[in-house]
Amino acid sequence: MSQIVEFPLEDGGTIRFETADEDGTIPVGRAGAAVTRAHETLESALSHLRQVSVAVLRNLRDVAEPPDRVSVEFGVKVSAQTGLVVASGTSEANLTVQLEWNRPGTQP
């Protein structure tokens, strides 16, 4: 069964996501209306994802020959308890990093 997680927005509004049921959440609203309020704003939760991206990029820019192009991809799971979480594909978190070098005179 699924539940609805409601994230407050910094401008005073809210946004709702449908998620799988979680243990330890406290439903709000009428009986039968399974809406769980998140512990932080959506903007605050998204800032954690920005920190992951910045950490990856900083580390890659500091290598001897930094790539010309970096692509960071991760799935995100919405949770009332923990906000936004890098989702797992199996038992480990899913983070894909692709690097590309386009140096003149080099063969692929």
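Is F17 buried, exposed or partly exposed? F17 is partly exposed, with a relative accessible area of 25%. Keep in mind that what you're looking at is a predicted model. Below is a quick tour of its salt bridges, its one aromatic pair, a nonpolar surface patch made by L95, V97, L99 and W101, and the largest nonpolar core, with 10 residues.

**The aromatic pair**

- Go through the rings and the count comes to 1 aromatic pair.
- That pair is F7 with F17, sitting edge-to-face, with 5.8 Å from centre to centre and 90° between the planes.
- F7 belongs to strand β1 and F17 to strand β2, so the pair ties together parts that are 10 residues apart in sequence.
- F7 is buried, at a relative accessible area of 0%, whereas its partner F17 comes in at 25% and is partly exposed.

**Salt bridges around E6**

- Searching the whole structure turns up 3 salt bridges.
- One of them joins the side chains of R16 and E6, at 2.9 Å from N to O.
- R16 is in strand β2 (residues 14-20) and E6 in strand β1 (residues 2-8), so this bridge links parts that are 10 residues apart in sequence.
- E6 also meets R37 through their side chains, this time at 3.5 Å from N to O.
- R37 sits in strand β4 (residues 35-37) while E6 is in strand β1, so here the parts tied together are 31 residues apart in sequence.
- Put together, E6, R16 and R37 are linked in a network of salt bridges.
- How much of E6 is accessible, and is E6 buried or exposed? E6 has 8% relative accessibility, and because buried means under 20%, E6 counts as buried.
- R37, on the other hand, has 48% relative accessibility and counts as partly exposed.

**The salt bridge between E100 and R69**

- E100 pairs with R69 in a salt bridge, and their closest N and O atoms are 3.9 Å apart.
- Strand β8 (residues 95-100) holds E100 and strand β5 (residues 69-74) holds R69, so the bridge connects parts that are 31 residues apart in sequence.
- E100 is partly exposed, with 31% relative accessible area.
- R69 is partly exposed too, with 43% relative accessible area.

**A nonpolar patch on the surface**

- L95, V97, L99 and W101 make a nonpolar surface patch of about 340 Å².
- Among them, L99 is found in strand β8.
- L99 has a relative accessible area of 37%, which puts L99 in the partly exposed class.

**The largest nonpolar core**

- Which residues make up the largest nonpolar core? It has 10 of them: V5, F7, A38, L42, A45, L49, F74, V78, A80 and L84.
- At least two residues of this core come from β1, and at least two from α1 (42-61).
- α1 gives the largest share of the core, with 3 residues.
- F7 is one of the core residues, and F7 is also half of the edge-to-face pair with F17.

**What F74 touches**

- F74 is another member of that core.
- Setting aside neighbours within four places in sequence, F74 is in contact with L49, V52, S53, V86, N94 and L95.
- One of those contacts, L49, is in the largest core as well, while another, L95, helps make the nonpolar surface patch.

Methods
Residues are numbered from 1 along each chain as its sequence is written. This is a predicted model: local features need pLDDT of at least 70, side-chain atom pairs count only at pLDDT 80 or more; totals for chains, interfaces and linings use all residues. Side-chain values use heavy atoms; hydrogens and water are left out. A salt bridge is a side-chain nitrogen of Lys or Arg within 4 Å of a carboxyl oxygen of Asp or Glu. Helices (H or I, at least four residues) and strands (E, at least two) are DSSP runs, numbered from the N terminus. Buried means under 20% relative accessible area, exposed over 50%, partly exposed in between (1.4 Å probe, protein chains only). Patches are made of residues with over 30% relative accessible area and no salt bridge: like charges are joined within 9 Å, nonpolar side chains (Val, Leu, Ile, Met, Phe, Trp, Tyr) within 5 Å. Accessible areas come from the Shrake-Rupley method with a 1.4 Å probe; for residues, only the protein chains shown count as cover. Rings of Phe, Tyr and Trp (its six-membered ring) pair if their centres lie within 6.5 Å; planes under 30 degrees apart count as stacked, over 60 as edge-to-face and the rest as tilted. A nonpolar core is a set of buried Ala, Val, Leu, Ile, Met, Phe, Trp, Tyr and Cys residues joined through side-chain atoms within 4.5 Å. Contact means heavy atoms within 4.5 Å.
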